[in-house]
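Dear colleague,

I am handing over a structure for your attention. Please find it below, followed by an account of what was found in it.

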Amino acid sequence: MTRRQVWLIQQGIWEMALESMPLAAGYLKATALQDEKLAANFDIKIINFDGGKTLFGMASELFAGEAPDIIAFSVLGWNFRSFAALAETYKQLKPDGWVVFGGNHVANQAKRVFGMFPDVDIVVNGEGEFTFCDLLHAHLDGKARNELGGILGISFQSGHGGYVTTEERPRIEDLDAIASPVLTGTLELTDDEGNFRYDVALMETNRGCPYRCSFCYWGGAVGQRVRAFSRERLRQEVELFAKHKVHTIVMCDANFGMLPIDLEFVEDVIEIRQRLGFPKSIETSWAKNKSKLFYQIVSAMKEAGLHSSFTLALQTLNPDALEGMQRRNMKVNDWESLAEWLGKEGMACYAELIWGAPGETVESFMEGYDRLANHVSRVAVYPMLILPNTAYAEKRAEHGLITVRGNNDDFMYLIAHNTMTPQDNRYMHRFIFFSRLVAENPVFRFLWGPLRELGGLTQSETIRSLIDWFERSTDPAAEPFQHGLNSSFTDSDVLGPVVEYVYGTVEAKEELRRWWRESMLPRVPSEHVALLDNAFEYDLLTLPAYSSPGREPSPLYANETLPLVEVEGDMFHVRHNVTIACDVPAMCLALRRGESYAHTVGEQETSLYYKAGARNFVTSTNHEEIVYYMGRLAREMFSDNRRGVVSHD
């Protein structure tokens with residue numbers, strides 16, 4: 001018997017040294033293979049491309065041999081066009097083959113997809129696991145690709161330019177009916193050397209979101225009851241990851257921390273970590289409403305030394321913009337007191353803002369930005385994208401949205417709207433570029449608080465100073481920064497190379513030092529110049545152990561050549577006998593607590609520890625991961641490691 005061939009294609013967004021875990025394709029394959037009939041008749045292959053793989057490279061790799069009977073793509077905005085082009089090539093090789101598109105970007109978009117790309121046969125409109133099984137059964141039963149009316153939750157071409165959309169498939173109530181790609185061995189977890197092969201481990205603990213934010217679709221699960229996977233299943237997955245020494249688990253949940261099972265999950269992670277040493281951190285989209293349960297989770301994590309970047313996903317603080325976002329009545333709890341509590345507890349907390357929401361202006365955004373920066377260690381700012389199936393996409397005329405499709409993706413980028421001129425938008429993209437570079441990734445971590453409290457300068461003023469400096473600079477070392485500024489409005493991938501330049505070269509650090517000493521230090525009170533300069537230098541000194549390929553590292557920043565030691569299962573480069581004029585992290589914490597920082601000032605000798613492996617993350621712009629590679633004082637390392645933790649931020 002000839003087994004039918006099925007390929008599941010994914011592609012991550014970033015070019016990375018490690019793979020991005022193909023969880024969506026894993027669910028599809030694992031669930032299909034639980035069906036004995038499908039397992040007996042189909043060979044299902046997952047092909048997982050890196051974000052840097054070119055279209056020609058993907059086509060050359062895919063179609064070097066015989067094409068499969070079915071090719072199914074997990075489609076998002078960044079790979080929409082590339083996957084459509086691959087579908088066209090596939091049809092040249094296999095005219096009678098089936099092309100299936102699924103994913104957020106194409107769900108409920110059959111008219112546009114089929115109109116643009118006639119080589120696509122089927123679009124999946126909801127959760128795909130059991131729809132995929134139904135499609136395989138239909139193929140096995142000899143159904144034609146335009147005779148699929150009995151399958152719920154799809155759109156398919158009916159011939160002669162028409163298409164059919166079937167009845168919506170109900171949401172999967174028992175999520176454990178979806179086979180685990182981790183526990184079934186569907187996903188290969190290790191590389192040829194036995195190391196965990198992915199950048200992070202991805203998990204879902206639940207599906208669904210009770211909110212209806214205007215900019216969000218979240219897999220079609222908005223405005224819905226949250227459904228959870230079982231505790232035992234999740235525990236088994238975490239334990240398997242721990243045995244593979246996975247540092248970070250990232251949960252693909254919309255609002256982690258709102259269900260009692262979330263506390264149970266964290267308790268299980270803590271128990272497994274205490275027993276096996278891993279994982280060291282969990283990252284997720286935290287619940288918008290910070291309830292008593294959230295505080296219980298944070299307290300448990302702090303006590304156990306389990307890290308996370310606690311997120312304030314506020315998006316805007318402007319009342320008019322919140323109204324348009326449908327978030328005004330979300331009752332996001334008193335975030336300022338929450339951020340203050342986290343800060344005083346020494347816990348990392350960062351905030352997310354979106355620039356460009358209808359109702360927002362440059363002035364209102366800057367006011368909200370600085371208000372947030374007063375309380376959090378990092379501020380992540382992203383430009384508004386208009387996505388399919390969202391309220392903003394459906395109410396374009398009401399908000400006066402003027403948009404353009406991306407150069408290399410299919411997202412709709414804003415040019416202007418009723419409260420944002422094109423000129424405002426262009427300037428703010430320059431602001432976002434530097435904000436993401438120095439305040440999110442982050443080049444500066446400890447500088448912001450002292451600069452605000454002792455120097456009297458806000459974070460937005462400092463970032464605007466960077467813009468002004470690099471617009472005027474004639475030094476060749478400024479050219480990568482200037483390219484980033486000038487391309488920030490038209491190239492969404494411009495940030496990564498500049499992050500790599502700053503982390504990996506002396507020239508970039510020297511250019512930042514010139515800006516600091518010529519543009520910023522003259523603006524601060526003279527009695528605080530030395531202390532602020534110490535904070536600036538400490539931030540540069542503790543950037544990750546990374547040197548740009550092909551460059552000769554300087555003695556001061558040659559951290560990748562430092563000796564390696566193992567601490568709690570992780571490898572660290574160590575720089576011994578470092579003299580610092582101030583314990584900058586302790587000074588910053590004292591300032592946040594309103595305490596005297598005099599005891600932190602004065603020369604002291606210490607060692608600095610840099611987690612090894614930064615080059616796997618530097619160019620990804622994944623700030624939630626790169627913070628774990630920042631240099632840490634011996635004091636921080638070993639006081640925290642008595643609890644089995646290495647602190648960051």
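Which residue just after helix 7 takes a positive phi? In this predicted model, that residue is Lys245, with a phi of about 60°.

Helix 7 itself covers residues 231–243. At 1.5 Å a residue, its 13 residues should span 18 Å, and the C-alpha atoms at its ends are 18 Å apart, so the expected and computed spans agree. Several residues of helix 7 are buried, namely Arg233, Leu234, Glu237, Val238, Glu239, Phe241 and Ala242. The buried residues of this helix pack against two helices, helix 1 (23–33) and helix 8 (260–276), and against two strands, strand 8 (201–203) and strand 11 (248–251).

Turning to the protein as a whole, it contains 24 helices and 22 strands. Its radius of gyration is 25 Å, close to the 26 Å that the globule rule gives for 649 residues, and the protein is therefore as compact as a globular protein of that length. The C-alpha trace spans about 80 × 55 × 50 Å along the principal axes.

Of the 649 residues, 58% are buried. Among contacts with a separation of 6 or more, 73% are between residues 24 or more positions apart.

As to the surface, the accessible area of the protein is about 26,000 Å², and carbon and sulfur atoms account for 49% of it. The protein carries 63 positive and 88 negative charges, and the mean positions of these two sets are 2 Å apart.

Yours sincerely

Note on methods. Residues numbered from 1 in each chain as written. Predicted model: local features only at pLDDT ≥ 70, side-chain atom pairs only at ≥ 80, totals over all residues. Heavy atoms only, no water. Helix = DSSP H or I, 4+ residues; strand = E, 2+ residues; numbered from the N terminus. Rg over C-alpha atoms; globule rule 2.2 N^0.38 Å. Buried < 20%, exposed > 50% of the residue type's maximum accessible area, 1.4 Å probe, protein only. Contact = heavy atoms within 4.5 Å. Areas by Shrake-Rupley, 256 points an atom, 1.4 Å probe, with all protein chains shown as cover. Lys, Arg positive; Asp, Glu negative; His and termini not counted. Charge placed at Lys NZ, Arg CZ, Asp CG, Glu CD. Expected span 1.5 Å × (residues − 1).
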